[in-house]
Amino acid sequence: MTGLLRAGLVLVLVAALAACGFQLRGSGEWPEALQPVQITGINTRDSLYRELAVTLGASGVEIVNQRPEGQGAILEIRSVNDQRRTLSVTEAARVSEYELIRTVNARLRPVDGEAVDLGPLRASRIYLFDGTAVLSRGEREATLREAMDRDIVSQLQRRIAALTEPDGTLREAVEDPAP
């Protein structure tokens with residue numbers, strides 16, 4: 001009887017999960033008209049460039065080193081700003097928490113069209129600082145920056161998807177009206 005009860009409970013849980021609309025994220029869709037892509041403005045050894053290349057490559061986008069001809073786009077990384085901010089200190093006036101912030105300004109320029117500003121893309125992480133493990137701080141920050149790069153690339157893909165018309169062309173970014 002307990003086996004039948006367990007199976008029934010599992011069935012109810014699976015049905016509830018399916019009914020709630022849960023879906024794995026997967027890789028983002030990249031418009032066919034914007035392929036291949038040239039990434040400019042950052043070094044190819046930069047962690048953000050590597051994350052862009054891997055993520056777009058997983059979506060089937062070809063990354064090229066020269067300006068695409070015919071169809072395609074140029075993803076211009078206009079600025080990358082990294083900050084480390086102190087969040088809290090101990091009674092002994094030593095840092096106990098930091099916040100890492102990465103802000104990227106980018107725009108997408110279709111080969112046959114006008115550039116569209118993708119706006120600022122921002123990611124942040126908070127971590128506890130251990131003064132006795134100074135050597136591991138660099139590794140911890142590098143790991144957190146890689147996670148922030150993934151967040152920024154995900155934001156970038158969502159913004160491009162929001163700006164893409166059904167025919168695969170880009171519409172101009174809508175600016176917030178002035179107050």
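Let me start with the secondary structure: in this predicted model, the protein has three helices and five strands, and if we read from the N terminus onwards, the elements come in the order α-β-α-β-β-β-β-α. Of the 179 residues in the protein, 34% are buried, and the accessible surface comes to about 11800 Å², with 53% of that area belonging to carbon and sulfur atoms. It is also worth knowing how the contacts are spread along the chain: among those between residues at least 6 apart in sequence, 64% join residues that are at least 24 apart.

Now to the sheet. How are the five strands ordered in it? The sheet is open, its pairing is mixed, and the order of the strands is E2-E1-E3-E4-E5. Strand E2, residues 63-64, and strand E5, residues 116-128, stand at the edges, and since each has a single partner strand, one side of each is left without a neighbour in the sheet.

Let us look at strand E1, which covers residues 37-40 and runs parallel to E2, with two bridges joining them. In one of these places, Val37 has Ile63 of E2 as its bridge partner. To get from E1 to E2 the chain passes through helix H2, residues 47-58, and this β-α-β crossover is right-handed. Gln38, for its part, stands opposite Val64 in E2, and Gln38 also has a bridge partner in E3, namely Ile74. Strand E3, residues 73-89, pairs with E1 in the parallel sense as well, over four bridges.

Please also look just before E1, in the loop between helix H1, residues 2-19, and that strand, because this is where Pro36 is placed. Is the peptide bond from Gln35 to Pro36 cis or trans? The bond is cis, with omega near -5 degrees.

Next, the aromatic residues, where the structure holds one aromatic pair. The pair is formed by Tyr98 and Tyr127, and it is tilted, with 5.8 Å from centre to centre and 35 degrees between the planes. Why does this pair tie together parts that are 29 residues apart in sequence? The reason is that Tyr98 lies in strand E4, residues 95-110, whereas Tyr127 lies in strand E5. Both Tyr98 and Tyr127 are buried. The ring of Tyr98 has a further companion, for Arg84 lies over its face, at 4.8 Å from the ring centre.

My last stop is Gly119, which, like Tyr127, you will find in strand E5. Is Gly119 buried or exposed? Its relative accessibility is 14%, and because anything under 20% is taken as buried, Gly119 counts as buried. If we leave aside the neighbours within four places in sequence, Gly119 is in contact with Val104, Asn105, Ala106 and Arg159. One of these, Val104, is 15 residues away from Gly119 along the chain, yet the C-alpha atoms of the two are separated by 8.3 Å.

To draw this together, we have followed a sheet with mixed pairing, a right-handed crossover from E1 through H2 to E2, a cis bond leading into Pro36, and a tilted pair made by Tyr98 and Tyr127. When you turn the model yourselves, I would suggest beginning with E1, as E1 is joined to E2 by two bridges and to E3 by four.

Notes: Residues are numbered from 1 along each chain as its sequence is written. This is a predicted model: local features need pLDDT of at least 70, side-chain atom pairs count only at pLDDT 80 or more; totals for chains, interfaces and linings use all residues. Side-chain values use heavy atoms; hydrogens and water are left out. Two strands pair if DSSP finds at least two bridges between them. Buried means under 20% relative accessible area, exposed over 50%, partly exposed in between (1.4 Å probe, protein chains only). Contact means heavy atoms within 4.5 Å. Accessible areas come from the Shrake-Rupley method with a 1.4 Å probe; for residues, only the protein chains shown count as cover. A crossover is right-handed if, with the strands pointing away from the viewer, the path from the first strand over the helix to the second runs clockwise. Rings of Phe, Tyr and Trp (its six-membered ring) pair if their centres lie within 6.5 Å; planes under 30 degrees apart count as stacked, over 60 as edge-to-face and the rest as tilted. A charge sits over a ring if NZ of Lys or CZ of Arg is within 6 Å of the ring centre and within 35 degrees of the ring normal.
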